[in-house]
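Reader: Show me the model, please. Then I want to test the terms used for it.

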Amino acid sequence: MAVYFAFSYTKSVKHILNYSKLTGVFIMIEVLKIENLRKIYGSKFGGVKYTALDNINLKVENGEFVAIMGPSGSGKTTFLNVISTIDKPTSGSVLIHGDDITKLKEPNLSKFRREKLGFIFQDFNLLDTMTIKENIVLPLALSKTPYKLIKTRLQDISIKLGISDILSKYPYEVSGGQKQRAAAARAMITEPSMVLADEPTGALDSKSSKELLGCLESLNDKNKATILMVTHDSFAASYCKRIIFIKDGKLFNEIYKGDRTRKDFYQNILKILSVIGGDTDDLN
Amino acid sequence: MTLISMALNNIKKNFKNYWAFFLSSTFSVFALYLFMSIVNNSDVKVHLGNMKSFMTLFIVGSYMIAGFSAFFMWYSNSFIIKSRKKEFATYMLLGMSKKQTATLNFIENLITIAFAFCSGIALGLIFNKFFIMLLYAMMGATGDVSFQISLEALKVCFIVFGAMFIIISIHGAKLIYKDNLIDLFNSSKKAEKGLKVSFLTLIISILSIVFLGYGYYMAIRKIAANILLAPIVILLVVIGTILFFTSFTSLIIYISKKNEKSLFKGTKLIYISQLYYRYKGNVGTLSVIAVTTTVALCAMMVCFGLFNKTEENSRNMRPFSIEYINGTNNTDKTFENTIKNHKEISVVYKDTMEFLRVKTKDPVFGTYGTFLVLNESKFNEISSHEKVGVKINLKNDRDCYFFQIVSFDTDKSVIGKDVKLEVGNKDYNLKIADTDMKYVIALEHADKQTFIVKDSVYSKIKSTISKENTCKVTGYTLNNDFLSQNFIKDLKNKMPPENKLLTFYEHFADSLKLMGMMAFIGLFIGLLFLTATGSIIYFKMSMEAAEDKNKFIILKKIGVSTPEIRKAVSKELMILFGAPFVVASINTFVALIPLEKMLRFNITKECIIIILVYAVLYSIYYLITLKSYIKIVSSSY
């Protein structure tokens, strides 16, 4: 914190982070803090109850690139839905930058989702009625951001994702990989606290997947974007710095990439998956 | 499951989309039945008396209803089928043949139309008496209405709607047979791909403004003087309106989409993109709605405007309560003897005037013919009795005042012109000081245009003119015209026809019958157009909502709140509903200007009331559509 105070009058947090990287001092800002999260499905009047998430505790810090893996039915989608405010937990709390999102109500909830979270979906979820550019700026437009700022951010993000030359096209005129990068741009343009990606490579071929993951990796690296990615794909997960495994609604294990190469990390992931007994097709 | 039970199921399931179509069809059947039953109603014929020939109005009204219903059903059917192509394709994929699918569609049409037909006829039977009584009230007639079932009307409705049913079934079958399975599946996808704006669009936009502008200019400036221009003006405005929607509005949307600075602000981005994307599919509908709304508003404005001004019109046409050509003094005696027996009325003023026939060139058209001459003091005296307010003040012997009765509008260019009145072989050179159209006696008596001259000039002409070139007219102003019915009946029996007895009351009663009928027809046509246009737009928007549901789910996922979605949708619908209505209202106001000049009444108030009432009813359709749209797009998730 001393470092922070020393620079607080002249420099932004981003600069401090850069500085801290240079000096080797790490400042950890908690982006996501989940405590005793529990989600139980089932009718109020008895009947069969199903525990989708069971007492999960998790912390994600600023600038992390985290993958959540687990076999089908392990609860990873429910987990993501709760974090993205789409679903409400049965008990426990989800704090994003200190705000408990489980207690937010409309319309604050929508505003929160739009400004603090960025989403990347498996099926892109771009609007056919809008050009790529309009799709990307939509969250900023809705928040009534000044036009100049919209323009600079758009330029910045589209260069980073390599989609500057398709901005005026419609989604049906571009490839799947380009669509997903546009969706990533839309998620990032608000500079959210955290980007939530749900199987972002699920609908892409391997080349497009690599391009997208490379982009996400570099955004995480250079812009300190915090990314939380749910995935099936061990290869995609190998781009992350940390992987959390979920099984039967519980945290099973977590591993850090550390200084390992991606290849080593990938092997490590496969090993753990085989222990969990995840989808065998992931092993191919 | 048989095709019939399937068809029934489909109708039940889709009723929330079809109800507006159903309502409008029912109303068409109802209105047609009602009109035809009035045409064939013997009671109504008796009440119309000598105005019986105007029953044709109802026949014309029936044609309008039948024609418009046919158009409406065809139009609705074609986009209902379009929206259901995917459903049909699914049936075929599951093994139904094209023939079976077409049969299914046929059965569905049969059930819907038969149901609409039966409810329309049922409504017709139930409310027949009520509406005929309403017609009586509007016509100023009294009397009881008996319950009648008109077989003739039933037959006409059956033929008209049967024919429509056959036509739309063939049309539907054709649409189903025409396409391959894959085309049916993709039809909704390829339907709309955003609007394209080119240089041509710009030219057409300019053209639409030119058409509308020139049409408006002619309507305001030229039509009143030359009614023959009306068809050209109507054509200009209709084409202008259609072009306006096909190009000008697309240009506006295109420009607002290109203007990023204002576009990237709040929900505007959402609804402008939606309008842009959906434009091609909606533009035809918008033009149709603008044109039909214009027709409905204009028709109602004329009918109700005239209806409301019936008395004023009769006062203009019959300035005196009783008026006749006075041959000998015996005529006056007949009048006085008759009125003695009628204590309910009394004479307030009696005026007798003598017109002189002279020959001259028409100051407006230049043709040679006969004209009438009256003196200034007599004219002013009558004028003050009738409270018309026109007072003539001629400065010298050479001045005269000219009354035009030939065209719809006063031609002011004649002021200052010289006229030469020929009496026998003597000429009187006069100069027109002023001109007007409002007259002091019934036009049937003063069948020629008239010059008002100084008393001295008048007596000079009179002294030289022969007896057969003069014409004496006597007019009475009664204390209460509306009690004069019996008196007039008596007087008519006693007075010979060559006296040409004309009365205010008869004119008023006959006008009221005519105007009442017109207002009645106008009411129904207006309502029919309203329900039809409302149903078209409702159906289109419901289809759009169902197709675009996915978009709204995406919007919600990325953090667009429900109030924001509501705002975007209500603005989009506001533009789609509002634009045709605003254009139609402007067209109607423009039509109002020459109409007021021609009719010489101020019906602006009536026009505004009609537009407001129509707007209120139309907004009900807007609100229902909005509610349904929001419900559809936010139903899942």
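Author: This is a predicted model, and the questions below take up burial, cores and contacts.

Reader: Why is helix H5 of chain A called mostly covered?

Author: A residue counts as buried if 20 or more other C-beta atoms lie within 10 Å of its own. In H5(A), residues 132–142, 11 of 11 residues are buried. Therefore the helix is called mostly covered. Charged residues are on the list too, including A:Lys133 and A:Glu134.

Reader: What covers the buried residues of H5(A)?

Author: Chain A supplies helices H4 (108–116), H6 (147–160) and H7 (176–188), among others. Chain B takes part as well, with elements including H11 (268–308) and H18 (562–599). After H5(A) comes A:Lys144, with a positive phi near 55 degrees.

Reader: What makes B:Cys157 a contact of B:Ile121?

Author: Contact requires C-beta atoms within 7 Å. B:Cys157 and B:Ile121 are in contact, so their C-beta atoms lie within that cut-off. Beyond four places in sequence, B:Cys157 also contacts B:Val29, B:Leu32, B:Tyr33 and B:Met36.

Reader: How do you know that B:Cys157 is buried?

Author: It belongs to the largest nonpolar core, which has 242 residues. Core members are buried by definition, so B:Cys157 is buried. B:Cys157 is among those touching the most other members, as are A:Ala184 and B:Met301. Helix H17 of chain B, residues 504–557, gives the most to this core, with 28 residues.

Reader: Which residues does the second, separate core include?

Author: Among its 11 residues are B:Leu104, B:Ile107, B:Leu175 and B:Ile176.

Reader: How many of the contacts in chain A join residues at least 24 apart?

Author: The share is 69%, among contacts between residues at least 6 apart in sequence.

How values were computed
Residues numbered from 1 in each chain as written. Chains lettered and ligands numbered in written order. Predicted model: local features only at pLDDT ≥ 70, side-chain atom pairs only at ≥ 80, totals over all residues. Core = buried A, V, L, I, M, F, W, Y, C linked by C-beta atoms within 7 Å. Buried ≥ 20, exposed ≤ 12 C-beta atoms within 10 Å, placed from the backbone. Helix = DSSP H or I, 4+ residues; strand = E, 2+ residues; numbered from the N terminus. Contact = placed C-beta atoms within 7 Å.
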